Amino acid sequence: MIKRKFEKESEGKQNSSNSSMETIETRRVLSRFKSDTGEVLPGGLLDLPTNITVDKLQAICNALLQHEESIPFAFYVNDIEVTDSLENNIDEHFCTSEDVIEIVYQPLAIFKVRAVTRCTGSLEGHKEAVISVAFSPDGTCLASGSGDTTVRFWDIYTQTPHFTCEGHKHWVLYISWSPCGSKLASACKNGMILLWNPKTGEQIGRAMTGHKMWVTSLCWEPFHKNPECQYLVSASKDCDLRVWDTKRAQTVRILSGHTKSVTCVKWGGSGLIYSASQDRTIKVWRAEDGILCRTLEGHAHWVNTLALNVDYVLRTGPFQLGKNADKTDNLLEYAKIQYKSVGEEILVSGSDDFTLFLWKPEKEKKSIARMTGHQQLINDVKFSPDGRIIASASFDKSIKLWESSTGKYIASLRGHVQAVYSIAWSADSRLLVSGSADSTLKVWSMKTKKLSQDLPGHADEVYAVDWSPDGLRVASGGKDKVLRLWQN
């Protein structure tokens with residue numbers, strides 16, 4: 001049936017024109033699909049037009065695998081990814097119609113995450129609101145930062161506190177795991193940054209001080225750039241960014257240029273640092289020397305949040321199992337392969353002006369798209385792990401979904417009755433969890449674009465949510481001072 005469909009398409013095209021150019025464009029090749037483990041798909045040889053697109057390859061592959069729900073795949077010919085059509089990958093390798101090309105397919109989501117359905121634990125101990133929660137890159141450890149000035153590490157299996165880390169003198173506003181998972185950075189309202197050892201709960205080195213006001217965001221240098229995870233960048237209300245050598249607890253360089261509070265910072269995989277500010281701009285810095293590369297302008301109000309399409313790959317670094325795991329035993333090389341598999345970095349920004357902008361910040365100052373539709377400020381934005389969908393959370397009580405390549409609107413997820421503060425994706429990109437001022441978490445299905453699970457349980461506003469990279473559990477924290485763990 002599939003073969004016949006494409007034979008008809010090709011026949012129609014050839015009948016519409018007799019030119020030699022048209023004939024070349026609809027040249028056909030014998031092909032077969034093979035998994036990345038070497039298994040040939042049933043169905044034998046397929047006679048495909050060389051101009052077949054990735055989307056049609058997706059449809060064929062899912063049909064041959066008899067999937068009830070379509071799964072996204074990446075396709076490779078001679079280890080080169082098919083990004084547009086087949087003809088761009090085969091011309092230099094295959095000259096005659098007798099050649100059989102092997103199309104290697106690799107699932108972009110290597111496992112299916114089940115929706116969390118119930119609260120399996122209430123982790124008590126914090127004396128003030130839980131402001132941030134974060135799983136380690138391998139998903140085995142959970143950390144939280146609170147208004148009670150402490151950082152806590154939790155045992156996710158016994159659901160008891162491992163360590164309570166004391167050292168800050170003010171609210172802990174932000175925490176960030178190093179990509180190697182061996183240390184956690186925390187920042188407080190006094191502008192102090194501390195490092196912690198999750199295995200002992202002890203402070204690592206001296207406090208990093210220098211910011212004149214509180215720290216709003218932290219981000220580590222990617223693992224594939226430096227597997228020692230030595231450098232960290234911080235953003236502050238004092239309008240500056242600081243790059244730190246965490247081994248020496250010293251500022252390496254100060255990135256000055258913003259005229260108002262810096263709200264968010266991202267350290268990209270290509271050696272660029274991106275910062276958003278209340279001065280309505282996003283600045284792109286070269287990490288190695290702090291040179292300002294370009295300023296991205298377009299927002300009419302404060303820029304609150306940033307996300308990169310490589311965020312998930314940079315977060316999981318060498319821990320992400322799957323499509324390239326068999327190619328190398330070297331964690332550094334594996335992390336490099338994972339990063340390169342994503343392609344060009346794309347940045348999305350969310351603002352108090354109710355809009356999002358999509359950027360290709362490595363090369364261009366002009367935005368790709370302006371995304372409108374929210375009725376109030378945008379508080380959080382995240383790319384799905386496969387990089388295909390952007391989710392934005394707003395004070396207008398909704399979450400909106402957008403195509404990551406074009407910024408085209410997909411759907412609105414409605415169900416919360418107060419502001420949505422935080423969102424997190426499941427590792428397979430099929431589910432999204434949101435935390436709200438209405439004291440609930442909600443899980444949304446990307447297949448139906450509707451509510452999958454309603455999760456009440458918190459006694460007050462939910463400030464932070466995180467979905468573990470292994471997909472097994474969700475953690476949430478908020479104004480009721482309690483962390484909650486959610487599982488299937």
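# Working through strands, rings and a core

Strand β17 is mostly covered, with five of its five residues buried (under 20% relative accessible area; over 50% is exposed and in between is partly exposed, with a 1.4 Å probe and protein chains only). Strands here are DSSP runs of E of at least two residues, helices are runs of H or I of at least four, and both are numbered from the N terminus. A quick word before we start: this is a predicted model, where local features need pLDDT of at least 70 and side-chain atom pairs count only at pLDDT 80 or more, while totals for chains, interfaces and linings use all residues. Residues are numbered from 1 along each chain as its sequence is written, and side-chain values use heavy atoms, leaving out hydrogens and water.

**Exercise 1. Place β17 in its sheet and sort its side chains.**

Step 1: find the sheet. The order is β15-β16-β17-β18, an open sheet of four strands with antiparallel pairing; two strands pair if DSSP finds at least two bridges between them. The edges belong to β15 (215–220) and β18 (250–255), each with a single partner strand, so one side of each has no neighbour in the sheet. On average, neighbouring strands here are turned by 25° against each other, direction ignored (axes are lines fitted to C-alpha atoms, for helices over the stretch in contact, and angles run from 0 to 180 degrees between N-to-C directions).

Step 2: check the partners. Five bridges join β16 (residues 231–236) to β17, with V233 bridged to V243. On the other flank, five bridges join β17 (residues 241–245) to β18. There, W244 has T251 as its bridge partner, and R242 stands opposite I254.

Step 3: look at the turns. The β16–β17 hairpin has four residues between its strands, and C239 in the turn has a positive phi of about 80°. The hairpin of β17 and β18 also puts four residues between the strands, with A249 at a positive phi near 55°.

Step 4: sort the side chains. L241, V243 and D245 point one way and R242 and W244 the other, and all are buried.

**Exercise 2. Describe the β7–β10 sheet, then track down T158.**

Step 1: get the order. Four strands line up as β7-β8-β9-β10 in an open sheet, paired antiparallel. β7 (130–135) and β10 (160–166) are the edge strands with a single partner each, so one side of each is left without a neighbour in the sheet. The average turn between neighbouring strands is 20°, direction ignored.

Step 2: pair up β7. Five bridges join β7 to β8 (residues 142–146), and V130 stands opposite S146.

Step 3: go to the loop. T158 lies between β9 (150–155) and β10 and counts as partly exposed because its relative accessibility is 47%. The T158 side chain makes a polar contact with the side chain of T160 at 2.7 Å (a pair of N or O atoms within 3.5 Å; within protein, one must be able to donate a hydrogen and the other to accept it, and residues adjacent in sequence count only if both atoms are side-chain atoms). The C-alpha atoms of T158 and G121 are 9.1 Å apart, with their positions 37 residues apart along the chain.

**Exercise 3. Follow the aromatic rings into the core.**

Step 1: apply the rule. Rings of Phe, Tyr and Trp (its six-membered ring) pair if their centres lie within 6.5 Å; planes under 30 degrees apart are stacked, over 60 edge-to-face and the rest tilted. That gives eight aromatic pairs.

Step 2: take one pair. F73 and Y105 are edge-to-face, 5.3 Å centre to centre with 85° between the planes. F73 sits in β3 (residues 73–77) and Y105 in β5 (residues 100–107), so the pair ties together parts 32 residues apart in sequence. F73 counts as buried at 3% relative accessibility, and so does Y105 at 9%.

Step 3: widen the view. Ring pairs link F33, F73, F75 and Y105 into a cluster.

Step 4: find the core. The largest nonpolar core (buried Ala, Val, Leu, Ile, Met, Phe, Trp, Tyr and Cys residues joined through side-chain atoms within 4.5 Å) has 21 residues, and F33, L57, F75, L86 and I103 have the most contacts inside it. Elements giving two or more residues are β1 (28–35), β2 (46–49), α3, β3 and β5. The largest share, five residues, comes from α3.
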